[in-house]
Amino acid sequence: MAKAAPNRTISRLARLAWLPLLLILSACHIDMYDQAKYKSNQPSDFFQDGRAMRPPVPNTVSMGTFNPSSALLTGKLDGQLVTDLPAEITLDANLLARGRTVFNAYCAPCHGLLGNGQGVIAFRGPLVVPSYHNDRLRTIPIGYFFDVATNGINRMYGYGGRISPEDRWAVVAYIRALQLSQNADVTSLTPEDQVKVEAGE
Amino acid sequence: MPAQIFSRNANANLRVALIGITLLLFGIVAALIGLYLSPWYTEQGVAKAQPVPFSHAHHVTQLKIDCRYCHNTVERAATAGFPATETCMSCHSQIWTTSPLLQTVRDSYKNDTTIVWNRIYDLPAFVYFNHSIHVAKGIGCTTCHGQIGAMPLTYKAQPLYMGWCLGCHRDPAQNIRPRDQVFNVDYKVDSLPLADRQQLVIDYKIPTDGRLTNCYTCHR
């Protein structure tokens, strides 16, 4: 009886010999990892330009309430630059805070954190970036900044495709705040703040 | 009397062989698990060659350009967005305009062809990861993308196994940070005490009732 025991063990083991094959099966199973569908930014051999992400057909416009020539999306009304924020945008501390965030991310590399044209790209290259702090730009309708941010000007590319209209308006509001910050009359401050300015804080 | 079929050592040999085979099987399984977790398989920490040798270290740390300048859909879409060639050219039409390293970029812009980057973070097709919700709830870029500001060539900082995702989904307080620090690549999560981070989880209304670990949170 004692001698039969190893034989039984072997035959029992032999019956389980196929189990390691499962490991091989699991390793080859990638059809769920790479499904027959496109995700963003994937290449495609179906479309001629090799991109899975499709641009809208030229001259496509959204249906419904979307108005591509509204002040919100162009900064202009009847061809004239607007002088006030569009009705959809509310001027408050949140808008200016958002404007600072977006300005520092997208505009400051060239325009500088103060809007004086001394950004890090301007510092490294031969280009001269205009400052916001002159009388022409202080008095220009704010629609101008929105139009430039959207479509670009001179050597600056347009950012209409990268920054949402609401964020672009926030930037415009923040640019006005920057202009004020660099051109404020000391006497317009509260007495407490004037003391701080005198003390160099 | 027939000749002895088995040698004197047969029993001992069999036992040694059985033990050996068992050890070998365990060894193979252990080796496979080791390979599965190793950078050789996960590509963690392995920088890949790219058509343009783009350096995050240069653009992020030296030039202090915000993540969102290039990855501009990260706050409103599932994907952070590969920058279009136009984004590169916004600066590089003005500086380094003759650099041979950027010839691919200029060609792409001129001919409207795609720069095909080698993907670093490649999630399985059955995972529906969304950047915007993580960014909105105080999870920073470096939580998943590591010390991106110190990477000359980009590499994967995490193995991206499900257990790693679940670790944070079970206890977001270990990785959460204030919203205004999300894009700060030098931020240290430990700079805020655990109690404050737990308060952030409450303030940002992150569900702690187990919803975050439901299968359909990530698999649909």
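The following dialogue examines how terms applied to a predicted model of two chains, A and B, are justified.

Trainee: What makes chain A more spread out than a compact globule?

Mentor: The radius of gyration of chain A is 31 Å, whereas the globule rule gives 17 Å for 201 residues, so chain A is more spread out than a compact globule. The C-alpha trace of chain A spans about 110 × 55 × 40 Å along its principal axes.

Trainee: Which value for chain B is set against that of a compact globule?

Mentor: For chain B the radius of gyration is 25 Å, while a compact globule of 220 residues would have one near 17 Å. The box filled by the C-alpha atoms of chain B is roughly 100 × 50 × 35 Å, taken along the principal axes.

Trainee: What is the secondary structure of chain A, and in which pattern does it follow the sequence?

Mentor: Chain A has 9 helices and 2 strands. Along the sequence the pattern is α-α-α-β-β-α-α-α-α-α-α. Chain B, by contrast, has 11 helices and 0 strands.

Trainee: How many of the residues in each chain count as buried?

Mentor: A residue is buried if 20 or more other C-beta atoms lie within 10 Å of its own. By that test, 20% of the 201 residues of chain A are buried, and in chain B the share is 17% of 220 residues.

Trainee: Why is α1(B) called hardly covered?

Mentor: The helix α1(B) has 28 residues, and the count of buried residues among them is 0. A buried residue would need 20 or more other C-beta atoms within 10 Å; no residue of α1(B) is counted as buried, and the helix is therefore described as hardly covered.

Trainee: How do you know that the span of α1(B) is close to the expected one?

Mentor: The expected span is 1.5 Å times one less than the number of residues. For the 28 residues of α1(B) this expectation is 40 Å, and the helix reaches 40 Å from its first C-alpha to its last. Residues 10-37 of chain B, the extent of α1, are also assigned as domain 1.

Trainee: What are the other domains of chain B, and how far from domain 1 is domain 3?

Mentor: Domain 2 consists of 56-82 + 120-218, and domain 3 of 83-116. The C-alpha centres of domain 1 and domain 3 of chain B lie 56 Å apart.

Trainee: Why is B:Cys218 called partly exposed?

Mentor: There are 18 other C-beta atoms within 10 Å of B:Cys218. A buried residue has 20 or more and an exposed one 12 or fewer; the value for B:Cys218 falls in between, so the residue is partly exposed. B:Cys218 is placed in helix α11 of chain B, residues 215-218.

Trainee: Which residues does B:Cys218 touch, beyond those up to four places away in sequence?

Mentor: B:Cys218 touches B:Val127, B:Tyr128 and B:Cys165. In addition, B:Cys218 and B:Phe129 are 89 residues apart in sequence, while their C-alpha atoms are 6.5 Å apart in space.

Trainee: What makes B:Asp112 exposed?

Mentor: B:Asp112 has 8 other C-beta atoms within 10 Å. The limit for an exposed residue is 12 or fewer, so B:Asp112 meets it. This residue is in the loop between α6 (103-111) and α7 (131-136) of chain B, and its phi is positive, about 55°, although it is not a glycine.

Trainee: Is A:Asn41 buried, exposed or partly exposed, and why?

Mentor: A:Asn41 has 16 C-beta neighbours inside 10 Å, and therefore counts as partly exposed. Its place is in the loop between α2 (19-27) and α3 (71-74) of chain A. Phi of A:Asn41 is near 65°, a positive value in a residue other than glycine.

Trainee: Which residues touch the most other members of the largest nonpolar core?

Mentor: They are A:Tyr106 and A:Val171, in a core of 31 residues. Helices of chain A, including α4 (93-111) and α8 (165-181), and α4 of chain B each supply at least two residues of this core. Leaving aside neighbours within four places in sequence, A:Val171 is in contact with residues including A:Gly99, A:Phe103 and A:Ala149.

Trainee: How many residues does each chain give to the contact between A and B?

Mentor: Chain B gives 22 residues and chain A gives 25. On the side of chain B, α5(B) gives the most, with 4 residues. By class, that side has 12 nonpolar, 6 polar and 4 charged residues.

Key
Residues are numbered from 1 along each chain as its sequence is written. Chains are lettered from A and ligands numbered from 1 in the order in which they are written. This is a predicted model: local features need pLDDT of at least 70, side-chain atom pairs count only at pLDDT 80 or more; totals for chains, interfaces and linings use all residues. Two residues are in contact if their C-beta atoms, placed from the backbone, lie within 7 Å. Ala, Val, Leu, Ile, Met, Phe, Trp, Tyr, Cys and Pro count as nonpolar, Asp, Glu, Lys and Arg as charged, and the others, Gly among them, as polar. The radius of gyration is taken over C-alpha atoms; the globule rule is 2.2 Å times the number of residues to the power 0.38. Domain bounds come from an automatic or database domain assignment. A nonpolar core is a set of buried Ala, Val, Leu, Ile, Met, Phe, Trp, Tyr and Cys residues joined through C-beta atoms within 7 Å.
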